[in-house]
Amino acid sequence: MSTVVNRSARPGFAGGLLIAAAVVLAGLLLVLPLVIIVREALASGADVLWDNLTTRDSRQALGLSVLAAAAALPVSLVVGLSGAWLVAYHRFPGRGLLLAVSKIPISLSPIVAGVCYMMVYGRRGWFGPWLVEHNLEIMFAVPGIILVTIFVSFPYLLNQLVPLMQELGSDEETMGDQLGAGGWTIFRRITLPKIKWGVLYGLLLGNARALGEFGAVSVVSGHIRGKTNTLPLHVELLYNDYNSAGAFAAALLLAVLALITLAAKAIVARRFRQTTSP
Amino acid sequence: MKHLFLAALAAATLAAPALRAEREILNTSIDVSRELFAALNPVFAKNWAAAHDGEKIVVNQSHQGSSKQARAILDGLPADVVTFNQVSDVQVLHDEGKLIPADWQSRLPDQSSPYYSFTSFLVREGNPKGIKDWDDLARPDVKLVFPNPKTSGNARYTYLAAWAYGLKKFNGDEAKTREFVGKIVNNVVVFDTGGRGATTSFVERGLGDVLITFESETLGIRKQYGDDKYDVVTPSYSIAGLFPVSVVDAVVEKRGTRNIAEAYLKFLYTDEAQDIIAKNFYRVRSPAVVAKYAAQFPDIELFDANEVFGTWDEIKKTHFANGAIFDQLLKR
């Protein structure tokens with residue numbers, strides 16, 4: 001660890017006040033909403049919760065969320081690894097631009113991303129007439145949801161790996177190359193072991209984003225119940241239907257998925273620090 | 001790379017229909033009609049199976065504001081039928097997309113509106129302000145809640161109903177009517193953007209003495225929040241709110257679902273369906289069902305917006321455009 005905490009220093013009165021304020025804020029903003037989700041979900045009893053989780057629409061929403069997140073993973077992996085390798089180990093014109101472009105999905109409001117996809121793949125979009133002619137349904141169908149999920153989640157791994165690989169440097173890879181190892185061998189035996197925890201960490205970040213995505217998916221989904229709803233859309237829809245018990249049940253499911261991702265991330269982060277610390 | 005990408009897309013889209021065993025249609029509807037169609041769809045599927053050698057069909061649902069839905073359909077949402085609450089949002093499917101023919105409204109009885117509602121009042125328990133008709137809404141001691149007519153079709157109905165009542169009351173005197181409607185719009189405590197928002201302001205936040213919205217919504221609120229907390233007041237004269245339906249021809253032709261989609265809309269006119277619709281607080285067309293629910297639905301004199309005010313384009317230009325009459329009334 002690079003930071004050293006001086007454990008003997010006691011916070012003064014102002015310090016204590018600040019800590020108390022932080023704890024209260026964290027409680028009000030983070031813990032309380034989570035507690036309420038659990039309480040409300042269980043308010044009508046465990047069997048009602050189970051019934052709400054196993055309706056046709058809930059199962060479909062969960063399945064589609066998991067499918068979209070799973071489809072985004074390999075894209076993140078391929079784009080993240082090759083992109084980071086290119087940007088971290090090489091100098092070429094347009095490198096800065098590429099780095100900036102890779103951050104667009106993170107900084108752009110998701111709803112704008114959804115509208116952009118609509119303008120490209122929608123019936124009135126650029127590819128619209130061609131897609132209609134060939135009977136290809138992209139928008140308001142599963143492929144469109146997968147596409148926008150990929151868009152919002154792929155940069156996380158890339159942006160995680162670039163600084164990591166820059167910090168670790170490419171000396172070992174150069175050495176391997178000089179000793180006659182092939183590209184694949186270098187990647188498999190040298191690069192991958194160096195960055196594997198970083199890869200996992202980046203994938204988990206992207207996965208959390210993919211599972212929780214609302215805005216972009218909302219634009220391209222069409223909200224067809226039992227067909228094109230993801231879990232976050234399903235929560236909103238049940239809530240608008242005055243079905244609080246169902247909405248909180250779905251929200252609880254989403255929270256549990258997030259907590260699992262969070263726990264995995266914490267474990268990976270610990271290993272990650274151990275392997276990268278000197 | 002591009003070819004691989006397109007091939008993957010093609011594979012994903014082709015695989016989806018192949019998995020489908022049963023035929024299905026999509027009913028694209030407004031955001032407050034979920035309970036209604038959740039009750040209607042299983043009955044329709046059962047009737048269809050009985051008449052077609054047990055063929056199983058599925059009616060899928062999508063619910064959002066009708067203007068949003070119309071836009072999505074123009075962008076390619078494969079809606080086989082629309083069940084909206086604004087004629088103009090169906091018309092736009094013809095005007096901007098040529099997805100339905102110009103004469104869509106004459107393809108089914110009653111202007112393709114198998115059920116309807118009208119602007120009505122909801123007051124707090126016991127009607128403490130003694131609200132009886134539109135005149136009471138112009139009283140200085142009465143506070144009102146209805147959404148903004150600029151963003152809400154529901155509120156445009158309210159505004160036009162008040163205007164038409166004024167014309168009737170003052171024998172067509174425009175100036176007096178204008179003053180009357182001015183008093184009403186300036187009694188509004190909050191202009192929410194939509195009908196559900198106004199309901200929340202009135203019910204959850206306790207704002208205002210009268211909520212003005214569709215009769216179906218007022219009856220639904222009483223059922224949802226307790227009939228001992230609110231009373232419904234039916235005015236003497238109001239505006240008919242049509243709930244237009246249509247097959248989306250471009251979609252059904254492509255998906256080969258015209259026979260199901262047309263049967264579905266015809267089903268809405270049957271006594272069996274009309275009974276379910278009346279139970280969900282909409283006024284229906286079937287004389288038998290109207291008679292059965294007479295106690296729930298007091299008599300009322302209704303007018304057609306287009307007969308009094310002209311086309312929706314003209315109405316928007318005269319009353320709701322920037323700087324038009326509604327804006328002028330608010331500035332006083």
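Two strands pair if DSSP finds at least two bridges between them. The model discussed here is predicted.

Q: What makes β2-β1-β3-β10 of chain B an open sheet, and which are its edge strands?
A: The sheet has 4 strands in that order, with mixed pairing. Its edge strands are β2 and β10 (245-247) of chain B, since each pairs on one side only. Direction ignored, neighbouring strands are turned by 20 degrees against each other on average.

Q: How do you know that β1(B) and β2(B) pair?
A: The cut-off is at least two bridges. Strand β1(B) is joined to β2 (residues 57-63) of chain B by 7 bridges, so the two count as paired. They run parallel. Within this pairing, L26(B) stands opposite N60(B). The chain gets from β1(B) to β2(B) through helix α2 (residues 34-51) of chain B, a right-handed β-α-β crossover.

Q: What makes β1(B) and β3(B) a pair?
A: Again at least two bridges are needed. Strand β3 (residues 81-83) of chain B shares 3 bridges with β1(B), in the parallel sense. Hence the criterion is met. N27(B) stands opposite V81(B), and T28(B) has V82(B) as its bridge partner.

Q: What packs on this sheet?
A: Helix α3 (residues 66-74) of chain B does, touching β1, β2 and β3 of chain B. The direction of α3(B) makes about 135 degrees with that of β1(B).

Q: Why is β1(B) called largely enclosed?
A: Buried means under 20% relative accessible area. In β1 (residues 23-29) of chain B, 6 of the 7 residues are buried, so the rest of the structure largely encloses the strand.

Q: Why is the pair Y159(B) and F326(B) called edge-to-face?
A: Two numbers decide. A pair of aromatic rings is described by the distance of the centres and the angle of the planes. Ring centres must lie within 6.5 Å, and planes over 60 degrees apart count as edge-to-face. Here the centres are 5.9 Å apart and the planes stand at 80 degrees, so the pair is edge-to-face. Y159(B) lies in helix α7 (residues 153-169) of chain B, and F326(B) in helix α17 (residues 325-331) of chain B. They are 167 residues apart, so the pair links distant parts of the chain. Both Y159(B) and F326(B) are buried. A search of the whole structure finds 24 aromatic pairs over all chains.

Q: Which residues form one aromatic cluster?
A: The cluster consists of Y115(B), Y157(B), F214(B), F243(B), Y282(B) and W312(B).

Q: How do you know that R124(B) and K168(B) have their charged ends over rings?
A: The charged atom must be within 6 Å of the ring centre and within 35 degrees of the ring normal. For R124(B), the charged end sits over the ring of F202(B), 4.0 Å from its centre. For K168(B), the charged end sits over the ring of Y237(B), 4.1 Å from its centre. Both distances satisfy the 6 Å limit.

Q: Why does Q111(B) count as partly exposed, and S112(B) as buried?
A: Under 20% is buried, over 50% is exposed, and in between is partly exposed. Q111(B) has 40% relative accessibility, so it counts as partly exposed. S112(B) has 0%, so it is buried. Q111(B) lies in helix α5 (residues 109-112) of chain B, and S112(B) has its place in α5(B) too.

Q: What phi do Q111(B) and S112(B) have?
A: Q111(B) has a positive phi of about 55 degrees, although it is not a glycine. S112(B), also not a glycine, has a positive phi of about 55 degrees.

Key
Residues numbered from 1 in each chain as written. Chains lettered and ligands numbered in written order. Predicted model: local features only at pLDDT ≥ 70, side-chain atom pairs only at ≥ 80, totals over all residues. Heavy atoms only, no water. Buried < 20%, exposed > 50% of the residue type's maximum accessible area, 1.4 Å probe, protein only. Right-handed = clockwise from strand over helix to strand, strands pointing away. Phe/Tyr/Trp six-rings, centres within 6.5 Å; stacked < 30°, edge-to-face > 60°. Axes fitted to C-alpha atoms, helices over the stretch in contact; angles between N-to-C directions. Contact = heavy atoms within 4.5 Å.
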